[in-house]
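Here are some notes to read alongside the structure, written for someone meeting it for the first time. Take them in order, and keep the view open as you go.

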2 protein chains.
Amino acid sequence: MSLTLDDVRAAARRLDDRVTRTPVITSPWWDDASGHHVFFKCENLQRAGSFKIRGALNKLLSLTPEERRRGVIAFSSGNHAQGVALAARMVGTSAMVVMPKDAPALKLEATRGYGADVVFYDRLREDREAIARRLAAETGRVLVPPFDDYAIMAGQGTAALELLADAPSLDVLVAPVGGGGLMAGCSTAARSLLPGITIIGVEADTANDTYLSLQKGERVTIPPPPTIADGIRVTTPGELTFPILRRNRAAIALVTDEEIRAAVRALALRARVVVEPTGAVGAAAVLGGNLAVERGARVGLILSGGNIDPEALIDILKGSGT
Amino acid sequence: MSLTLDDVRAAARRLDDRVTRTPVITSPWWDDASGHHVFFKCENLQRAGSFKIRGALNKLLSLTPEERRRGVIAFSSGNHAQGVALAARMVGTSAMVVMPKDAPALKLEATRGYGADVVFYDRLREDREAIARRLAAETGRVLVPPFDDYAIMAGQGTAALELLADAPSLDVLVAPVGGGGLMAGCSTAARSLLPGITIIGVEADTANDTYLSLQKGERVTIPPPPTIADGIRVTTPGELTFPILRRNRAAIALVTDEEIRAAVRALALRARVVVEPTGAVGAAAVLGGNLAVERGARVGLILSGGNIDPEALIDILKGSGT
């Protein structure tokens with residue numbers, strides 16, 4: 001079994017009218033600065049503030065009544081937590097979420113606001129997946145993984161389906177890569193619909209597990225990365241997502257935290273949208289000229305989330321440049 | 001002569017493909033906080049950062065070849081300046097703009113960036129309109145007024161046409177009121193298409209010239225207002241716009257600078273869009289409960305612009321509340 005365009009399309013039908021069809025916006029300033037025609041898919045304007053509701057809701061809508069009765073459990077640095085919490089409320093089940101102690105306050109608050117129970121762990125010392133699996137076994141809840149699951153990937157891929165519908169004839173698709181769920185779904189949709197498209201995932205340079213893995217041809221593990229992009233602090237690509245990224249010929253571009261901060265700033269001041277650091281890594285690659293694509297290319301770029309603490313946003317806006 | 005729906009529709013045809021059809025977004029947080037269903041028309045995502053390009057371009061596209069050859073002149077606190085400067089570049093004519101010395105740096109920089117010549121005046125001591133009229137007489141340039149002109153009003157009204165198309169069955173239309181150009185155009189479109197709609201303009205409480213004028217039944221003049229909303233620091237309603245606001249039964253709600261700041265903050269952090277203070281006065285009224293409309297009403301609200309200096313945005317994000 002793998003992931004197909006039909007899976008993504010089925011997810012789109014399931015999610016129709018339940019998630020926001022986010023706008024695709026353009027910005028003359030960004031076009032001038034990058035030399036490309038950039039089409040921003042604004043998943044920062046999505047329900048619960050990121051694309052994560054797509055995968056989570058697709059997964060939860062696929063559960064049996066018996067599974068829904070038992071409830072769900074997830075581990076997440078934040079956005080997946082909110083996605084699962086909101087999806088659980090939407091389908092009428094309960095959610096428990098395992099979050100790192102240093103998760104952004106806004107993400108924690110929102111997850112609780114959707115009614116989920118939050119359990120903390122230490123991101124640098126404990127294995128959140130092991131904790132979640134133990135809790136899943138103890139409580140009988142169904143584990144909703146953040147990326148390594150076909151229903152999750154199919155849901156995330158609906159973002160690319162919409163982007164390709166609203167901005168046809170794209171030359172390039174750009175999206176953040178953490179565990180690879182968003183990219184697995186989006187690259188499957190894009191490679192099927194536009195076989196010649198260039199697909200570029202973006203990682204922070206300290207969170208380059210997928211970059212290294214693609215180079216080596218197998219999954220490698222890195223130490224917990226310190227990047228400001230808290231949503232992609234992943235140490236190894238997904239077992240299921242990684243082969244899909246390879247199959248879809250996704251390349252990886254790397255960006256520094258400084259480039260990410262500059263992109264968040266220019267998105268706020270020039271494109272007038274608030275995007276969290278993780279959500280801005282693609283924009284950082286475009287702005288930094290890190291994409292090996294032709295000048296004038298039509299670049300579809302997923303701004304994956306907008307959940308940023310005010311203090312973090314203020315700190316970034318204070319930065320120099322742009 | 002007055003302004004009709006047909007004028008607005010003609011402007012829409014003229015502007016088609018030249019200005020951005022800006023998205024209409026929703027935010028569960030804003031719906032919860034306000035008790036309404038709020039549909040934000042994102043003119044902060046418009047070309048040159050505000051709705052002003054609509055009126056300016058409609059006006060410039062209506063000029064004779066001889067008038068275009070002579071060039072145009074405008075007076076503006078900022079957004080109209082950018083709108084005229086960009087419109088002039090788009091139609092291939094030259095623009096001179098009279099701006100206050102204390103105009104936000106970003107607005108000044110952008111106006112020059114579009115190729116306009118900028119002439120300064122002292123907002124508290126000099127009459128910019130008189131200066132612009134003198135310069136118009138001296139240079140032969142065509143004056144493009146910021147609001148008191150039917151072509152300008154018709155262009156601005158296209159924002160409401162789009163909003164009503166994307167968010168049908170609105171109960172209420174809310175937009176900022178400075179000189180009244182945006183509201184004249186938008187209320188004409190809305191009152192024609194939805195005769196029963198409630199139309200509410202919003203002013204800063206220190207810039208309440210239209211509020212007082214509607215109360216008195218004639219145009220009154222106030223001292224230069226100190227509000228943070230620099231785009232609506234107007235001392236008297238337009239001679240042409242005011243009768244149109246009365247005809248269309250526009251009411252006025254007032255908001256404090258503190259409410260405006262809270263709205264800018266909540267728009268950035270909860271709706272994830274960057275809106276300048278002037279552009280957020282409608283949102284401030286919704287958030288402050290200043291609209292005398294039923295709970296659960298469907299409120300279409302124009303976020304009129306997003307041109308804010310980073311320092312001002314940082315200062316507002318630092319504020320308490322929300």
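The points below go from the two chains to their sheets and then to the helices.

1. Please keep in mind from the start that this is a predicted model. Everything that follows describes that prediction.

2. A good place to begin is the relation between the two chains. A turn of 180° with a shift of 0.0 Å along the axis lays chain A on chain B, and the RMSD is 0.0 Å. That is how a two-fold axis relates its copies. If you would like to find the axis in the view, look for A:Val273: its C-alpha lies 2.2 Å from the rotation axis, the closest approach of any residue of chain A. Both copies use the same surface, since 100% of the contact residues of chain A recur in chain B.

3. Next, the sheet in chain A. It is an open sheet of 4 strands with parallel pairing, and the strand order is 5-4-3-6. Its edges are strand 5 (117-121) and strand 6 (142-143), each of which pairs on one side only. Further in, strand 3 (residues 72-75) and strand 4 (residues 95-100) of chain A run parallel and are joined by 4 bridges. To see how they line up, find A:Val72, which has A:Ala95 of strand 4 opposite.

4. A helix accompanies this sheet. Helix 7 (residues 128-139) of chain A lies across strand 3, strand 4, strand 5 and strand 6 of chain A. Its direction is at about 170° to that of strand 3 of chain A.

5. Chain B has an open, parallel sheet too, with 4 strands in the order 5-4-3-6. Why is one side of strand 5 and of strand 6 of chain B left without a neighbour in the sheet? Both stand at the edges and have a single partner strand each, so nothing in the sheet flanks the other side. As a general reminder, the strands of a sheet pair through backbone hydrogen bonds, either parallel or antiparallel. Strand 3 (residues 72-75) and strand 4 (residues 95-100) of chain B make a parallel pair over 4 bridges, and within that pair B:Ile73 has B:Met96 as its bridge partner.

6. Look also at helix 6 (residues 105-113) of chain B, which lies across strand 4 and strand 5 of chain B. This helix runs at about 145° to strand 5 of chain B.

7. Now for helices packing on helices, with chain A as the example. Helix 8 (residues 150-166) and helix 9 (residues 181-193) of chain A have axes 7 Å apart and pack at an angle of about 45°. The two are therefore oblique to each other, and their crossing is right-handed. Helix 8 of chain A contributes residues including A:Met153, A:Gln156 and A:Leu164, while those from helix 9 of chain A include A:Leu182, A:Cys186 and A:Leu193. By class, this contact has 11 nonpolar, 4 polar and no charged residues.

8. Finally, how do helix 1 and helix 9 of chain B cross, left-handed or right-handed? The crossing is left-handed. The axes of helix 1 (residues 5-15) and helix 9 (residues 181-193) of chain B come within 9 Å and cross at roughly 115°, and the two helices are therefore roughly perpendicular. B:Leu5, B:Val8 and B:Arg9 of helix 1 meet B:Gly185, B:Thr188, B:Ala189, B:Ser192 and B:Leu193 of helix 9. These contact residues divide into 4 nonpolar, 3 polar and 1 charged.

Key. Residues numbered from 1 in each chain as written. Chains lettered and ligands numbered in written order. Predicted model: local features only at pLDDT ≥ 70, side-chain atom pairs only at ≥ 80, totals over all residues. Heavy atoms only, no water. Axes fitted to C-alpha atoms, helices over the stretch in contact; angles between N-to-C directions. Parallel < 35°, antiparallel > 145°, perpendicular 65-115°, else oblique. Left-handed = near helix turned anticlockwise from the far one by under 90°. Contact = heavy atoms within 4.5 Å. Nonpolar A, V, L, I, M, F, W, Y, C, P; charged D, E, K, R; others polar. Least-squares fit on C-alpha atoms with pLDDT ≥ 70 in both. Pairing = 2+ DSSP bridges.
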